[in-house]
Number of protein chains: 2
Amino acid sequence: MGDTTDQLDRAFAALADPTRRDLVARLAIADATVGELAEPYEMSFQAVSKHVKVLEDAGLVTRSRDAQRRPVHLNAEALDQMTQWIERYRREAEARFSRLDALLARTAEGDGNRPTIKEKES
Amino acid sequence: MGDTTDQLDRAFAALADPTRRDLVARLAIADATVGELAEPYEMSFQAVSKHVKVLEDAGLVTRSRDAQRRPVHLNAEALDQMTQWIERYRREAEARFSRLDALLARTAEGDGNRPTIKEKES
DNA sequence: GCCTTATTCAACCAGTGGGTTGACAATGAT
DNA sequence: ATCATTGTCAACCCACTGGTTGAATAAGGC
């Protein structure tokens, strides 16, 4: 359990940084080396290297070796796991709201107070 | 622009904490007060209050007032914005992989080296 | 072997984050 | 008015993070 938790911790934390989100956005288009990734930013090359490491530790990217280069590759599966988590609760919440809306609509219509309502809430 | 960025920063950072993800999971089922939310955890009441504030600043929850209580309500829209962001790039990446897979499959089939291939990569 | 390219590691600094405890504020009940 | 309930604010501690610079490693080119 701690395993999955840690992974989600790291994944969400990784995407909490705008630079790293930008890296992900660019890696969605094409794999790239750290050097290529670092080029557009003001910050030092090493800083970007660190950012990439954070993404890697979060499982969001993987790396292979090609001579001196270590091309960075986006891991779509990790992104999928994140949406899985979010969507589960979003759907739960929305389902609940819809039910509530329906309830309120029925009550407001004036033909309310039917005893069919048994959504215990306390 | 900084606006949306900040919001995503905060939202992802908020969900990077396991306690806060648990809060979200519970709020998906039902609204709750800070007191109710704090009850199951070992940590102090104030710590949970802080966590809720982080979720609120991230736009993930909203709060109303009911006498002394300030019930916390999950904001499904904020969750949706997060999935929007993630899914955009996941889809881009996956589309690219599919294209690449198809390319490799064609090449491997032996009827390869058709000049239709012009995915310049260098 | 020596030089270049690409990348990481190590040490450091300032800022932030999660936790604590203790005091304060807001609202309702008596 | 006083008390109880519910929650926030403030100050503090320690760990972690994002950034820096400088040195080290890894792999190829000559």
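**Stop 1: between the two protein chains**

Begin by selecting chain A and chain B together; between chain B and chain A there are six salt bridges. The model on the screen is a predicted one. For an example of such a bridge, select A:Arg21 and B:Asp9, which are joined by a salt bridge whose closest N and O atoms are 2.8 Å apart. Between the two chains, 12 residue pairs are in polar contact, both residues having pLDDT 80 or more.

Next, colour the side of chain B that touches chain A by its elements. At least two residues each come from α1 (2-15), α2 (18-29), β2 (72-74) and α5 (76-108) of chain B. Select α5(B) in particular, since the largest share of this side, 15 residues, belongs to that helix. Colouring by class shows 21 nonpolar, three polar and 10 charged residues on the side of chain B that touches chain A.

Now display the whole contact, to which chain A contributes 35 residues and chain B 34 residues. About 2,900 Å² is buried between the chains, and carbon and sulfur atoms give 69% of that area.

**Stop 2: DNA strand D**

Turn to DNA strand D and select the residues around it, 21 in number; A:Arg20, A:Lys50, A:His51, B:Ser49 and B:Arg63 come nearest. Which part of strand D should be examined at A:Arg20? A phosphate oxygen, for a polar side-chain atom of A:Arg20 lies 2.7 Å from one. Another phosphate oxygen contact involves the backbone: an N or O atom of B:Gly35 lies 2.8 Å away. At A:Gln46, by contrast, look for a base oxygen, which is 3.0 Å from a side-chain N or O atom.

The elements that give two or more residues to this surface are α4 (45-57) of chain A, and α3 (34-38) and α4 (45-57) of chain B. Of the strand D atoms within 4 Å of the protein, 62% belong to sugar or phosphate and the rest to bases.

**Stop 3: DNA strand C**

Finally, select DNA strand C, which 21 residues surround; the closest are A:Ser49, A:Arg63, B:Arg20, B:Lys50 and B:His51. Two residues of chain B reach base oxygens: a polar side-chain atom of B:Lys50 lies 2.4 Å from one, and a side-chain N or O atom of B:Gln46 is 2.9 Å from one. At A:Arg70, a polar backbone atom is 3.2 Å from a phosphate oxygen.

To close, select α4(B), the source of the largest share of the surface near strand C, four residues. By class, this surface has five nonpolar, nine polar and seven charged residues.

Note on methods: Residues are numbered from 1 along each chain as its sequence is written. Chains are lettered from A and ligands numbered from 1 in the order in which they are written. This is a predicted model: local features need pLDDT of at least 70, side-chain atom pairs count only at pLDDT 80 or more; totals for chains, interfaces and linings use all residues. Side-chain values use heavy atoms; hydrogens and water are left out. A residue is near a molecule or strand if one of its heavy atoms lies within 4 Å of it. A polar contact is a pair of N or O atoms within 3.5 Å; within protein, one must be able to donate a hydrogen and the other to accept it, and residues adjacent in sequence count only if both atoms are side-chain atoms. Ala, Val, Leu, Ile, Met, Phe, Trp, Tyr, Cys and Pro count as nonpolar, Asp, Glu, Lys and Arg as charged, and the others, Gly among them, as polar. Contact means heavy atoms within 4.5 Å. Buried area is the accessible area (1.4 Å probe) that two parts lose on being put together, summed over both. A salt bridge is a side-chain nitrogen of Lys or Arg within 4 Å of a carboxyl oxygen of Asp or Glu.
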